[in-house]
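Me: Please take a close look at one hairpin in this model, and then at how the helices pack. Keep it plain and state the cut-offs.

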Amino acid sequence: MSRTRRMVRGPRPEAVPTLIARACILVGFLDVAAGVFPRFRHSRMHTLAEVLPGTLGPFAAALALSSGVLLLLLAHGLRRRKRRAWRAAVVLLPFGACAQFAYRHSFAGVVIPLALLWLLARHRNQFDALPDPRSRWRALANFVVMGAGSILIGLVIVSVHPRRLVGSPSLSDRLEHVLYGLFGMDGPLDYAGRTSSTVAISLGALGMITALTTVYFAFRPEHPAARLTEDDETRLRALLEKHGARDSLGHFALRRDKGVVFSPSGKAAVCYRVVSGVMLAGGDPIGDVEAWPGAIERFMDEARAHSWTPAVMGCSETGGEVWTRETGLDALELGDEAVVDVADFSLTGRPMRNVRQMVKRIERNGYETRVRRIRDLAPAELDRIRRAADDWRGTDTERGFSMALGRIGDEADGACLIATAHKSDDDPGSLKDHEEHEEHEEHKTHKTHGDLKAVLHFVPWGDTGVSLDLMRRDRAADPGMNELLIVAALRAAPEFGITRVSLNFAMFRSALARGEKIGAGPVLRAWRGLLVFLSRWFQIESLYKFNAKFRPHWEPRFVVYRSSKDLPRIGWAALRAEGFVSMRMPGVLRRGAPEPRPCAHRDQERGVSAA
């Protein structure tokens, strides 16, 4: 993997918010420990525990536990300089100080939270980050996470008093006591002395925090993620008309679930989506290269205003150079894009023998191909293709972000190219044996789309190129449908004035290619071995080999990031954005009828059945 040199030191998170967030984490854990573990209050940490918010009686245990949990919840927001987290901490700390004075008359217990409050007030200007996009589904997620955490902490609470516990209750009895206690009711367990009150009030406090935070998330105003407006899309299409030939991923910026920021001149734009606190851009900026710095600056300002982690997925080498020069971010090679020059493509020669033989076998079996513009299709046929592509999608979750348009057949996308394979159901001959035919018989009966057997969808890449968006085929069709349609598209390309075709993106392609050559070092071979192992679950090696069949030239693509420690978070956000990790509710839990599922991108079903 190659790495560009850092040109300028980029902005880093402020030290004070990070320090305050760490202090909140420490105080939060100590508060929880003081409220849960009885021995902690009489250990060598007793002196420190005394100055934490809360008293040490039955109510004090619940108060310490509550303040500790809330501080832990606020720490992440404080680290990201969130204004609302600052406000909540400012409100919480005086309550803790008042509780210390009212219950314990502790001067130190008042000074410590007020000192932290002074720090927050002193540096209030640094906590100016705006809220993240949110929806009310966050309430359900909060209920699940907080409920599970409350149950685990509750099991600890009911188990840390073995000498005062009456009898020998089982784990199920302890769990039942916790569940009752979270709802403010008495459970089956009994304790000697005041321990019963301490346990009951602590469990009730956990239940109250879970309920209040869930209600807050459920009824707060929604702040939806940015989406392309009609005006934004119009401006982007105007930029693509002038500069769309520069980047094969440019047309994917028209996904309508992305936000966009324009340069001050309006001659360039950066499209993005916010996932898990990461502001994720895809591909290069759109528009005039000279205006890229202005759009990038607006992008970084937006990320800074919300305290989002900036990142770019799949930019070109030129784009990576501009990003690193203008922002001080780093770039890491992510993989390679396969680009075929139409003039150089041919099925002749030994290297193309496997593809040539497969295409001829399929054509002899009665399959025919058609390559057309979307605008040239009749509405009825376009609707049939759209429904077939939707039915043939391999997963329930919509996939795609940086290399997917997310729709097919839109009136505004008339210049898109579509290749289809057809075969009459009563045509004789098939490459499948009887066992495979029986396996797919039920599928064929349930989902029939006439003679349509496979679909490839390409988006424009300027006036003389197209970029592969999605690949779909009927699972009952013969293997090799994707190879057949790619060859058909390449053969028909000159009729549409197309000189270059961008195929799939092969992640870590260079590592796989170099690692299998003679003379590769042990580190490179080990890295290739790991990628081959991961290919059992992810289409890494198989996709590279599938692309290599068409003898393309490879264009490197990069991920741009701020710090190495951000890479795991960026990777998680990218997996969510591309749809490989879904945080959506199960279908049976979603409200209303299921939404129409637009077609996903080219990386979902990539023709590996024939690879």
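Reply: What follows takes the hairpin, then the loop, then two helix pairs. The model is predicted, with local features reported at pLDDT of at least 70, side-chain atom pairs counted only at pLDDT 80 or more, and totals for chains, interfaces and linings using all residues. Residues are numbered from 1 along each chain as its sequence is written, and side-chain values use heavy atoms, with hydrogens and water left out.

Helices and strands are DSSP runs numbered from the N terminus (helices H or I, at least four residues; strands E, at least two). Strand 1 covers residues 259-262 and strand 2 residues 268-275; the two pair in the antiparallel sense over four bridges, where pairing requires that DSSP finds at least two bridges. One of the bridges links Val260 to Cys271 in strand 2. Five residues separate the strands of this hairpin, and Gly266 in the turn has a positive phi of about 80°.

In a regular strand the side chains alternate between the two faces of the sheet. In strand 1, Gly259 and Val261 point one way, Val260 and Phe262 point the other way, and all are buried (under 20% relative accessible area; exposed is over 50%, partly exposed in between, with a 1.4 Å probe and protein chains only).

Lys267 sits in the loop between strand 1 and strand 2. Lys267 counts as partly exposed because its relative accessibility is 48%. Leaving aside residues up to four places away in sequence, Lys267 touches Leu239, Ile286, Gly287, Asp288 and Ala291, where contact means heavy atoms within 4.5 Å. The C-alpha atoms of Lys267 and Val289 are 8.8 Å apart, with a sequence separation of 22 residues.

Now the helices. Helix 10 (residues 292-306) packs against helix 11 (residues 317-327) at about 60°, with the axes 10 Å apart; axes are lines fitted to C-alpha atoms over the stretch in contact, and angles run from 0 to 180 degrees between N-to-C directions. Helix 10 is therefore oblique to helix 11 (under 35 degrees is roughly parallel, over 145 roughly antiparallel, 65 to 115 roughly perpendicular, the rest oblique). The helix 10 side of the contact includes Trp292, Ile296 and Phe299, and the helix 11 side includes Val322, Trp323 and Glu326.

Helix 12 (residues 353-364) and helix 15 (residues 481-492) cross at roughly 100°, their axes coming within 9 Å, so these two helices are roughly perpendicular to each other. Among the residues that meet there are Met358 and Ile362 in helix 12, and Leu484 and Arg491 in helix 15.
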